[in-house]
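Please work through the following exercises with the sequence and the coordinates open side by side. Each task is followed by a solution set out in steps.

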Amino acid sequence: MLGISSSAAAAAVAADASLLHVPTFTDIPILNVSALIDAKASDDSAAYAKAIADLTMAMYDASKSVGFFLVSGHGIDTALIDDMFAMARRFFALPVDVKKTTSVSHNRGYMALGEENLNSDAQYDGDIKEALDIGPEKEDAPLPDDASELDRLLAYRLRQRNRWLSDDVLPGFKQVSMKYYDKVNELAEIVLEVLASAMGQSTAFFSDRVKVPGTMGQLRMVRYPAAPGMQSSRLSCGAHSDYGCITLLAADTPGLQIYLSPEVVKRHFPARACSDLQAHHESIKYASGGQPGGSWAWVPVVPGTFIVNLGDMISRWTNRTFKSTLHRVVHVDTDLGDRISLPFFVDCDFDTEIRVLPAFLPGSGKLSDPKEHVLHFPKPITMGQHLALMFSSTFPELPAVRKETQRLTPSPVVHVTLRDEDGQEHELAESAGA
Ligand SMILES: O=C(O)CCC(=O)C(=O)O
Ligand SMILES: [Fe+2]
């Protein structure tokens, strides 16, 4: 199904029309990874090298232009994906009190409607969604003795063990969830090998930064009730960029919108459509490098594909050459029922240092954009520092984490050097999380 159904027009009577009248991004890049999966399964190193080489340029282009693409040929059984959606629906149909018994801490367990606000600058209240977060079931890697205080805080706050309902309440839920987790995690590893190659690195770049394989994924099940009267001041999911490396999303109902840059709008939409587009001048923050003058666009639901997007860490490693694109969810169409989506977020270990790669340094880097003269992130940051800063802004009731993060991150403000066309340097200060 592409875009939004016609009955959304009726809902638009009540909803803020500018949220709905955006084009559908039918040209979204598609990467077929089946040859790569076959090469890995048969341990054929020549076929593996060829498959990586064949996908590298497409990944580079998709990452540089939109930071969003579809992955097809992924080999994950449709029946498993369908089971996961059906299980998620059954979970959300349970009474809130029962769902709440799985709540552990942020990023694990149940999160009630309105609890998270992904754009607290623009939304007066939390996202119109409820969710369940699941981490790896394998025993988390114990923290090393010399783990920093910040690592300990994050492990405690964000990475607790899953708490399951008893099997009588929801038979098979844990089994299906973990099977799905493992399969999507395997796919994530494959996509990250291609992404590493597009970043000019060895294909093991990301796996080298996860000490215990499979421990840095987070499966989220989300239910968005249709909200016909939706306004831009409160969305199903507020505009945000993802914080980590990549997200693999399964969705069977439209609702996801991404913010396309003016260049992508010009390239993909005819001039007439262009002039009709809404220009959204929201405050654009995070590492997305979003600019006013672009447009929101629906991401089409294409059966048999995962929607993949890059997170802030990739934007940092590549000095914003690869995009960590703003996105949001708008679900007003009651005829479509509740919207269920299954994002799978993949990070690296908390102590991973993110420093702009030499290949992406402005001026000298062989993969950098020749038009780019600014080093956006002159100071490295660790994955953990970035996550802590982001979570403390999206969960307003986490003042303790915010305070602790500020205490444990001695210099959250970094200085950015801007070079103008005459070669003059200008110093600006920015938050390390931005
Ligand atoms: O549900 C969706 O389509 C996207 C959700 C999302 O962007 C997120 O949870 O980070
Ligand atoms: Fe997201």
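The exercises below concern a predicted model and proceed from the whole chain to the ligand and then to one residue.

**Exercise 1. The protein as a whole**

Task: State how many helices and strands the protein has, and characterise its burial, its contacts and its surface.

Solution:
- Step 1. The secondary structure consists of 13 helices and 16 strands.
- Step 2. The protein has 434 residues, of which 55% are buried.
- Step 3. Consider contacts between residues at least 6 apart in sequence: 81% of these join residues at least 24 apart.
- Step 4. The exposed surface of the protein is about 18,300 Å², and carbon and sulfur atoms account for 54% of that area.

**Exercise 2. The surroundings of ligand 1**

Task: Identify the residues around ligand 1, the polar side-chain atoms that approach its oxygen atoms, and the elements that contribute to its shell.

Solution:
- Step 1. List the shell: ligand 1 is surrounded by Tyr224, His240, Asp242, Leu249, Leu256, His327, Val329, Arg339, Ser341, Pro343 and Phe345.
- Step 2. Examine the polar side chains. In tyrosine 224, a polar side-chain atom is 2.6 Å from an oxygen atom of ligand 1. For histidine 240, the distance from a side-chain N or O atom to an oxygen atom of the ligand is 3.0 Å. Arginine 339 places a polar side-chain atom 2.9 Å from an oxygen atom of ligand 1.
- Step 3. Assess the enclosure. Ligand 1 taken alone exposes 300 Å², and the protein buries 96% of this area. The space that ligand 1 takes up is the largest cavity.
- Step 4. Assign the shell to secondary structure. Two or more residues come from each of strand S11 (327–329) and strand S12 (339–346). Strand S12 gives the largest share, with four residues.

**Exercise 3. Serine 63**

Task: Locate serine 63 in the secondary structure, decide whether it is buried or exposed, and describe its contacts.

Solution:
- Step 1. Serine 63 belongs to helix H4, which spans residues 45–65.
- Step 2. The relative accessible area of serine 63 is 0%. Buried means under 20%, so serine 63 is classed as buried.
- Step 3. Within the polar contacts, the side chain of serine 63 lies 2.7 Å from the backbone oxygen of methionine 59.
- Step 4. Set aside the neighbours within four places in sequence; serine 63 is then in contact with Leu195, Leu310, Thr321, Phe322 and Lys323.

Methods:
Residues are numbered from 1 along each chain as its sequence is written. Chains are lettered from A and ligands numbered from 1 in the order in which they are written. This is a predicted model: local features need pLDDT of at least 70, side-chain atom pairs count only at pLDDT 80 or more; totals for chains, interfaces and linings use all residues. Side-chain values use heavy atoms; hydrogens and water are left out. Buried means under 20% relative accessible area, exposed over 50%, partly exposed in between (1.4 Å probe, protein chains only). Contact means heavy atoms within 4.5 Å. Accessible areas come from the Shrake-Rupley method with a 1.4 Å probe; for residues, only the protein chains shown count as cover. A polar contact is a pair of N or O atoms within 3.5 Å; within protein, one must be able to donate a hydrogen and the other to accept it, and residues adjacent in sequence count only if both atoms are side-chain atoms. On a 1 Å grid over the protein atoms alone, a cavity is a set of points where a 1.4 Å probe fits but cannot get out, and a pocket is an open set with protein on both sides within 12 Å along at least five of seven lines; lining residues have an atom within 4 Å of a point. A molecule sits in a cavity or pocket if more than half of its atoms lie within 2 Å of its grid points.
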